[in-house]
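Trainee: Could you take me through one part of this model slowly and in detail? I would like to start from a single spot and work outwards.

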Amino acid sequence: MIERTTKQWLSTPAVARHTARWAIESAASNPAGSYYALITAKVFTAFMFEGVVDHLGEILCSTWNNPRPRTNNRCPKSALSHGKLVEKHKAVRCLLQLANSSSEYQDIQLLVDRLLRFRHSFAHPKAHQQTIQDCVQSNLAAIPGIAWETEIDTAKIKDDYQKLETYSRSLLDKAAACLENTLEQGLDFWQQKYPHLGDLHREAVFLKGFLDLPWQSHSLSEYSQ
């Protein structure tokens, strides 16, 4: 009898991408019942992007999950992985030698900020209450709508998703290129730059396909007699 152990890594950002695409396609095929599908698309587009940033941080930075050294005799700062998305996004771009002052970053960050505010309205829901005092012979002002309801726009949601997917793929491809270039520099350079990674070629291949499948086998099966 052969005992076999197989390890597989689940690409949760890929699952989020598939969910967002499914929701956008569902909304297009049934516009009359698209309200909740469009909400799903916006929320899972945000999940997709944050997952890509978190994974790139772990791949490109060996200390991503470690507390950062304290300064001025203060307590250590929390790990980058525990920071806000805007901080993690900037850190990943720095690791890829991309300028955070560029128009590309500014445009993407505005898009991400909108998506996160929308997602947080569901992840951290709050009741909205308006008190109106009625009086005789006066026109009652219309009750303002909930802020996120104005964002349920099919074309805008699809455009945001496509922009963020394209941008996410560009970050993943740049990271894969960094690993491949490091591999060409030799073992010493590799171990100095990425001491936490065991196989740069496999990691590069995995990054290139990170958003394409809900799960991918990321290691060879281990067999024991």
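Trainee: Between which two helices does the loop that holds L98 lie?

Mentor: Happy to! L98 sits in the loop that links α3 and α4. Please keep in mind that this is a predicted model.

Let me set the scene before we zoom in. The protein chain has 225 residues, and 37% of them count as buried. Its elements are seven helices and four strands, and from the N terminus they run β-β-α-α-α-α-α-α-α-β-β. If you take the contacts between residues at least 6 apart in sequence, 69% of them join residues at least 24 apart.

Now to your loop. L98 counts as buried because its relative accessibility is 17%, and the cut-off is under 20%. Setting aside neighbours within four places in sequence, L98 touches R93, L171 and K174. One of these partners, L171, is 73 residues away along the chain, yet the two C-alpha atoms are separated by 9.7 Å.

Look next at Q97, which belongs to the loop between α3 and α4 as well. Is Q97 buried or exposed? With a relative accessibility of 74%, Q97 counts as exposed. Its backbone deserves a glance too: just after α3, Q97 adopts a positive phi of about 60°, although Q97 is not a glycine. As background, most residues other than glycine have a negative phi.

Stepping back into α3, we find that its buried residues are L85, K88, H89, A91, V92 and R93. You have already met R93 as a contact of L98. What do the buried residues of α3 pack against? They pack against α2, α4 and α5, and those helices are where I would like to take you now.

A good guide is F49. Beyond its neighbours within four places in sequence, F49 is in contact with L85, H89, V112, L164, Y167, S168 and L171. L85 and H89 are buried residues of α3, and L171 also touches L98. F49 appears in α2's contact with α4 and again in α2's contact with α5.

E50, also in helix α2, is buried because its relative accessible area is 17%, below the 20% limit. Apart from neighbours within four places in sequence, E50 contacts L85, K88 and R119. L85 and K88 are among the buried residues of α3, while R119 is one of the α4 residues that meet α2.

How do α2 and α4 cross? The axes of α2 (residues 35-60) and α4 (residues 103-123) come within 9 Å and cross at roughly 115°, and the crossing is left-handed. On the α2 side the contact includes I39, V43, A46 and F47, and on the α4 side it includes L115, L116, F118 and F122. By residue type, this contact divides into ten nonpolar, one polar and four charged.

V112 shows this contact from helix α4. V112 counts as buried because its relative accessibility is 3%, well inside the under-20% limit. The C-alpha atoms of V112 and A46 are 7.1 Å apart, with their positions 66 residues apart along the chain. Leaving out neighbours within four places in sequence, V112 is in contact with F49, L85 and L164.

L164 brings us to α5, as one of the α5 residues that meet α2. Helix α5 (residues 154-184) packs with α2 at an angle of about 10°, their axes 10 Å apart. That angle is under 35 degrees, so α2 is roughly parallel to α5. Their crossing is left-handed. L38, A41, M48, V52 and L56 are among the α2 residues involved, and I157, Y161, L172, A175 and L179 are among those from α5. The residues of this contact divide into 16 nonpolar, three polar and three charged.

Finally, let us look at the nonpolar core. The largest one has 52 residues, and those with the most contacts inside it are F49, L56, L96, L164, L179, Y194 and L207. At least two residues each come from α1 (12-29), α2, α3 (85-95), α4, α5 and α7 (200-208). The largest share, 13 residues, is supplied by α2.

So here is a route to follow on screen: begin at buried L98, go across to L171, and from L171 move to F49, one of the residues with the most contacts inside the largest nonpolar core.

Note on methods: Residues are numbered from 1 along each chain as its sequence is written. This is a predicted model: local features need pLDDT of at least 70, side-chain atom pairs count only at pLDDT 80 or more; totals for chains, interfaces and linings use all residues. Side-chain values use heavy atoms; hydrogens and water are left out. Axes are lines fitted to C-alpha atoms, for helices over the stretch in contact, and angles run from 0 to 180 degrees between N-to-C directions. A crossing is left-handed if the near helix is turned anticlockwise from the far one by less than a right angle, and right-handed if clockwise. Contact means heavy atoms within 4.5 Å. Ala, Val, Leu, Ile, Met, Phe, Trp, Tyr, Cys and Pro count as nonpolar, Asp, Glu, Lys and Arg as charged, and the others, Gly among them, as polar. Angles under 35 degrees count as roughly parallel, over 145 as roughly antiparallel, 65 to 115 as roughly perpendicular and the rest as oblique. A nonpolar core is a set of buried Ala, Val, Leu, Ile, Met, Phe, Trp, Tyr and Cys residues joined through side-chain atoms within 4.5 Å. Buried means under 20% relative accessible area, exposed over 50%, partly exposed in between (1.4 Å probe, protein chains only).
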